[in-house]
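Biologist: Could you take one part of this model and go through it closely for me, then show me what lies around it? I'd like the cut-offs spelled out as you go.

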Amino acid sequence: MKLQQIHRPSSVPREPNLSLPNSPDASTSLCVAVTAKRGRGRVVEDNRSRHCPYLDTINRSVLDFDFEKLCSISLSHINVYACLICGKYFQGRGLKSHAYTHSVQFTHHVFLNLHTLKFYCLPDNYEIIDSSLEDITYVLKPTFTKQHIAGLDKQGKLYRAYDGTTYLPGIVGLNNIKANDYANVVLQAFSNVPPLRNYFLEEENYKGIRRPPGDIMFLLVQRFGELMRKLWNPRNFKAHVSPHEMLQAVVLCSKKNFQITKQGDAVDFMTWFLNALHGALGGTKKKPSIVTKAFQGSMRIFSKKLPHPDLSPEEKEALLLTEEYQEQMSESTFLFLTLDLPTAPLYKDEKEQLIIPQVPLFNILGKFNGSTEKEYKTYKENFLKRFQLTKLPPYLVFCIKRFTKNNFFVEKNPTIVNFPITNVDLREYLTEEAQVTEKSTTYDLVANVVHDGKPSEGSYRIHVLHHIDDDTSNHRCK
C-alpha cells in the first residue's frame with residue numbers, strides 16, 4: 001500500500017513509500033502530513049478531511065470532558081487525545097503512540113485533540129474537518145458572548161440534553177464523587193451570583209493576569225472558570241456536571257486541607273476559597289478583585305478587655321480605669337457575616353420529643369446593631385465586643401454558626417432560622433453616616449445552603465432561586 005502522493009517544492013525530497021502494519025481496513029492509507037505548503041503561504045488540504053467515513057461511529061453518549069485530561073495508560077497530560085467512540089483519553093497520534101495503538105486494536109478511528117480542539121482519523125492520521133462536530137468542541141470548551149451573558153437572567157427556557165433530559169442552565173446537578181458535597185454547594189451557590197458568574201464566563205477577563213512562574217494558585221481561577229462555563233452551557237450532553245477537575249485543583253492549591261474523599265466544613269471551604277480566589281486574581285488588601293467587588297463590606301468593631309474573673313472587685317474596678325481596659329474601636333472588612341444562634345433548650349414536650357426552637361433572622365442580626373455586646377474568650381484574655389456595619393456589599397453572605405467544638409465531640413445546634421426570601425432590609429444595622437450614603441440596603445435570596453444529619457455523618461444540600469418565575473428549585477448535591 002502506498003502513500004498518497006503530495007506535490008512538494010522541488011527543494012524538498014520525497015519520502016519513500018511506507019506500508020501500514022496491522023491496518024484494520026485495507027482500503028485506508030497512511031498520510032504522514034495533513035497539509036503541505038506549496039509555494040508561498042499556499043496550503044494543500046488532504047482531500048479526505050471533509051469526507052471521513054467514520055463520523056457515524058462517534059458515540060456522544062459516552063463523551064465526558066469533566067475529568068482530568070490525562071492519558072489512561074501513560075498518565076501524561078501532554079498531547080492528549082479523546083477517543084470519540086469509547087470516550088477514553090490517550091497520548092499522541094504517531095505510529096508508536098497509545099492513541100494509534102488503540103485505533104488499530106479496537107478499530108476506533110475518530111479522535112479529538114483536547115488542547116487544539118482538532119479532530120483526526122487514526123490510524124490514517126489526517127485531520128477531519130466537518131461542521132457536524134462543532135457540538136463536541138462546544139461541550140469541551142463552551143464560549144459565551146457578551147449578548148448571551150447579558151440575557152442569562154432574562155430567559156427561563158428549558159434546554160434538552162443529548163440524553164433527552166431537560167435542564168435549566170446554571171441550575172444543574174454537581175456530581176458527588178465521594179464526600180465533596182460540602183464543596184459542591186459552595187461552588188453552585190457562587191455560580192448563581194451574577195457579577196462573579198459573568199466575570200468567569202468570559203475567559204478574556206482573567207486570561208491576561210500575570211502570575212509568578214510556577215504559581216499553582218492560578219489553576220484555581222482557570223478551573224473555576226471552566227466549571228462555571230459548563231454549568232451555564234445551554235448545549236450540554238448531560239443535565240449534570242462533574243466538578244472533578246475543579247476539586248483536584250482545590251486539593252492541590254489547599255495542600256490537601258480540603259479533599260474529595262473526606263467530608264469537610266462548607267464554611268471553612270468557602271472562607272479559604274474566596275480568599276484564595278481573590279489572591280490568585282491579583283487582589284490584595286488595597287487592590288480589589290471581582291471577589292471583593294461582589295462580597296466585601298466593612299464594619300466597626302468596638303472591643304473592651306475584661307479583667308480576669310478571679311480578681312477581687314476592687315482589683316477589677318482599678319483595672320477598668322486604666323487605658324488598657326478602655327473600649328477600642330477598629331475598622332475591618334468582611335467577605336461574609338457570621339451569625340450566632342441562641343443556645344438550644346434541652347427540654348422535651350409532652351410526647352417526649354425534643355423541641356426544636358425557632359428564631360427570626362432579625363433576632364440574630366442584632367449582633368450588628370452597634371449596641372449588643374457579647375463576650376469572646378481567648379486562651380488568656382476575655383473581651384466584650386460589639387459590631388456595627390459601615391458598608392454593605394452588593395451580595396451579602398450570612399453564615400449561621402451551628403457547630404460548636406469541645407474537647408470531646410462536635411455539637412450541632414438544630415435551631416430553625418425563619419427568614420424572608422425577599423426585601424431583607426439592613427439599613428438599621430448601618431452607622432448613621434452609612435445610612436446617608438448607602439443607596440440600597442435591601443437583599444433578595446439567591447441561594448441557601450443547609451446541613452442535614454449529624455455533624456460527623458451529615459451532608460449538605462442547596463436551594464437555588466430561579467429568578468425567572470421566582471420559583472425555588474431544590475437541588476441536592478449528592
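Modeller: What follows is a close look at one sheet, then at its loops, and finally at the rest of the chain.

A bit of housekeeping. This is a predicted model, so local features need pLDDT of at least 70 and side-chain atom pairs count only at pLDDT 80 or more, while totals for chains, interfaces and linings use all residues. Residues are numbered from 1 along each chain as its sequence is written, and side-chain values use heavy atoms, with hydrogens and water left out.

On to the sheet. Five strands make up an open sheet with antiparallel pairing, in the order β4-β3-β5-β6-β7. Strands here are DSSP runs of E with at least two residues, helices are runs of H or I with at least four, and both are numbered from the N terminus. Two strands count as paired if DSSP finds at least two bridges between them. β4 (89-91) and β7 sit at the edges with a single partner strand each, so one side of each has no neighbour in the sheet. From one strand to its neighbour the turn averages 40°, direction ignored.

Look inside that order and you find β3 (residues 80-83) and β5 (residues 110-113), which run antiparallel and are joined by three bridges. One of the pairs to click on is Ala-82, whose bridge partner in β5 is Leu-112. Helix α1 (residues 98-106) packs on this sheet, touching β3, β4 and β5, and its direction makes about 125° with that of β4. Contact there means heavy atoms within 4.5 Å. For the angles, axes are lines fitted to C-alpha atoms (for helices over the stretch in contact), and values run from 0 to 180 degrees between N-to-C directions.

The loops around the sheet are worth a stop. Most residues other than glycine have a negative phi, and most peptide bonds are trans. Asn-79, in the loop between β2 (42-45) and β3, has a positive phi of about 55° even though it isn't a glycine. Asn-79 is partly exposed, at 39% relative accessible area; buried is under 20%, exposed is over 50%, and partly exposed lies in between (1.4 Å probe, protein chains only). Then there's the peptide bond from Leu-122 to Pro-123, which is cis, with omega near 10°. Pro-123 belongs to the loop between β6 (119-121) and β7.

Past the edge strand, Asp-130 falls in the loop between β7 (126-128) and α2 (134-140). Asp-130 is partly exposed at 28% relative accessible area, and its side chain makes a polar contact of 2.6 Å with that of Ser-132. A polar contact is a pair of N or O atoms within 3.5 Å; within protein, one must be able to donate a hydrogen and the other to accept it, and residues adjacent in sequence count only if both atoms are side-chain atoms. Asp-130 and Ser-49 are 81 residues apart along the chain, yet their C-alpha atoms are separated by 7.9 Å.

Now the surroundings. A second open sheet, of four strands, has antiparallel pairing and the order β13-β12-β17-β16. Its edge strands are β13 (328-334) and β16 (374-377), each pairing on one side only. β12 (residues 297-306) and β17 (residues 382-391) run antiparallel, joined by nine bridges; Arg-300, for one, partners Gln-388 in β17. On its other pairing, β17 meets β16 in the antiparallel sense over four bridges, and a hairpin of four residues connects β16 to β17. β17 is mostly covered, with eight of its 10 residues buried.

One helix to finish with: α9 (residues 266-280) has 15 residues and reaches 20 Å from its first C-alpha to its last, close to the 21 Å expected at 1.5 Å a residue. That expected span is 1.5 Å times one less than the number of residues. At its start, a side-chain oxygen of Asp-265 reaches to within 2.9 Å of the backbone nitrogen of Val-267. Buried residues of α9 include Phe-269, Trp-272 and Phe-273. After α9 comes Gly-282, with a positive phi near 90°.

Zooming out, the chain has 13 helices and 26 strands, and 44% of its 478 residues count as buried.
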